[in-house]
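Biologist: I should be grateful for a close look at one part of this model, followed by an account of its surroundings. Please define each term as you come to it.

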Amino acid sequence: MHRCCFSIVWLMTVSIASTLLADDALRVLIVDGQNNHHWQATTPVMKKAFEQSERFTVDVATSPPKGHRLKDFCPDFAAYDVVVSNYNGAPWSPEAQSAFLEYMRGGGGFVVVHAANNAFPNWKEYNRLIGLGGWNGRDQRSGPYVYIKDDQVVRDETPGPGGSHGPQHEFHVVIRDRQHPVTQGMPVVWRHAKDELYDSLRGPAEQMTILATAFSPKSGRHEPMIFTVQLGEGRVFHTPMGHADYSMRCVGFLTTLLRGAEWAATGQVTQAIPDDFPTADEVRSRDDSSK
Ligand code: ZN
């Protein structure tokens with residue numbers, strides 16, 4: 001009898017606690033499971049950062065591995081405030097694609113990280129949402145190259161492949177929009193940890209706002225590194241950064257991810273720039289054990 005009562009009280013406590021948390025926290029869904037990158041190492045870095053911020057709760061939807069049928073893989077996108085893609089693999093089922101597009105049409109938030117912009121080259125609506133993409137057959141039919149030259153956004157229709165990068169290295173991220181909620185308050189120039197610097201991405205780039213760029217020694221251009229796409233009610237936040245776990249541990253990347261996800265979910269940002277944010281001269285990264 002006593003044991004039974006104890007269980008009921010415990011269940012009620014848990015239920016009240018989750019209700020309180022749900023009032024405040026934004027619900028994040030990270031999608032992974034297929035990627036030509038080591039998603040098993042990178043998803044936990046993002047998940048931990050979201051959870052430690054106390055602004056988010058996180059679930060992960062992991063697809064069946066490469067070569068397995070995706071027929072039954074259909075995450076419940078509508079149950080979340082923002083979906084983060086760490087996925088670059090086989091096409092989702094028609095049902096999953098429809099559910100995702102319906103979620104975005106209904107005002108959903110979407111965050112595109114690194115190779116997620118390689119995914120789905122033939123899914124037109126996805127490419128409109130991500131703005132720019134690379135590889136997997138992308139070329140002039142996908143849309144223009146987009147970069148900044150002499151402080152002007154250039155839409156370059158020159159024929160050629162979409163997607164390229166040189167050897168990994170540390171590089172400077174330059175804020176181009178200091179008023180946007182995501183980048184407001186960031187140092188105008190900050191040094192990013194070792195990463196692949198994607199260049200020559202191409203895509204429809206409709207309703208795209210470039211918030212930050214990095215100069216690529218390979219393309220000789222100032223390439224978009226932080227940008228948004230707003231189509232209808234949906235908000236998309238896109239960063240081509242984040243090749244590996246060590247790239248993601250950069251406080252600049254993590255801050256960008258968390259603020260970008262909050263903006264995609266709500267249109268606003270309440271999270272402050274942390275004290276350990278990188279400077280123009282110094283990379284700042286968090287190791288596995290630190291907060
Ligand atoms: Zn990569």
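Biologist: What is the relative accessible area of Asn 136, and does that make the residue exposed, partly exposed or buried?

Modeller: This is a predicted model, in which local features need pLDDT of at least 70 and side-chain atom pairs count only at pLDDT 80 or more, while totals for chains, interfaces and linings use all residues. Residues are numbered from 1 along each chain as its sequence is written, and side-chain values use heavy atoms, with hydrogens and water left out.

Asn 136 has a relative accessible area of 47% and is therefore partly exposed (buried means under 20%, exposed over 50%, partly exposed in between, with a 1.4 Å probe and protein chains only). Asn 136 sits in the loop between helix H4 and strand E5 (145-149); helices (H or I, at least four residues) and strands (E, at least two) are DSSP runs numbered from the N terminus. Its phi is positive, about 55°, although Asn 136 is not a glycine. Most residues other than glycine have a negative phi. Ser 200, likewise not a glycine, has a positive phi of about 55°. Ser 200 belongs to the loop between E10 and strand E11 (208-216) and, with a relative accessible area of 11%, is buried.

The zinc site brings in other loops. The protein donors of the zinc ion are His 37 (NE2), His 114 (NE2), Glu 196 (OE) and His 243 (ND1), at 2.0 to 2.1 Å from the ion (donors are N, O and S atoms within 2.8 Å of the metal, or 3.2 Å for Na, K and Ca; water is not among the atoms, so sites may look incomplete). Along the chain these donors have the spacing H-x76-H-x81-E-x46-H. His 114 lies in the loop between strand E4 (109-113) and helix H4 (124-130), and Glu 196 in the loop between strand E9 (189-195) and strand E10 (198-199), so this pair ties together parts that are 82 residues apart in sequence. Both are buried: His 114 has a relative accessible area of 2%, and Glu 196 has 8%.

The angles among the 4 donor atoms run from 95 to 154°, and the site is irregular. Four donors would be tetrahedral if all angles lay between 85 and 135 degrees; four would be square planar, and six octahedral, if opposite donors were over 155 degrees apart and all others between 65 and 115; anything else is irregular.

His 114 also helps to line the largest cavity, together with Asn 35, His 37, Thr 42, Asn 86, Val 113, Ala 115, Gly 242 and His 243. A cavity is a set of points on a 1 Å grid over the protein atoms alone where a 1.4 Å probe fits but cannot get out, and lining residues have an atom within 4 Å of a point. The volume of this cavity, about 40 Å³, is the space filled by probe spheres set on the points, which are joined across faces, edges and corners. The whole structure holds 1 cavity of 30 Å³ or more.

Finally, strand E1 (residues 26-32) has 6 of its 7 residues buried, so it is largely enclosed by the rest of the structure. E1 runs parallel to strand E2 (residues 56-62), joined by 7 bridges (strands pair if DSSP finds at least two bridges between them). Ile 30 has Val 60 of E2 as its bridge partner. Lys 66, in the loop between E2 and strand E3 (82-85), is exposed, at 76% relative accessibility.

Key:
On a 1 Å grid over the protein atoms alone, a cavity is a set of points where a 1.4 Å probe fits but cannot get out, and a pocket is an open set with protein on both sides within 12 Å along at least five of seven lines; lining residues have an atom within 4 Å of a point.
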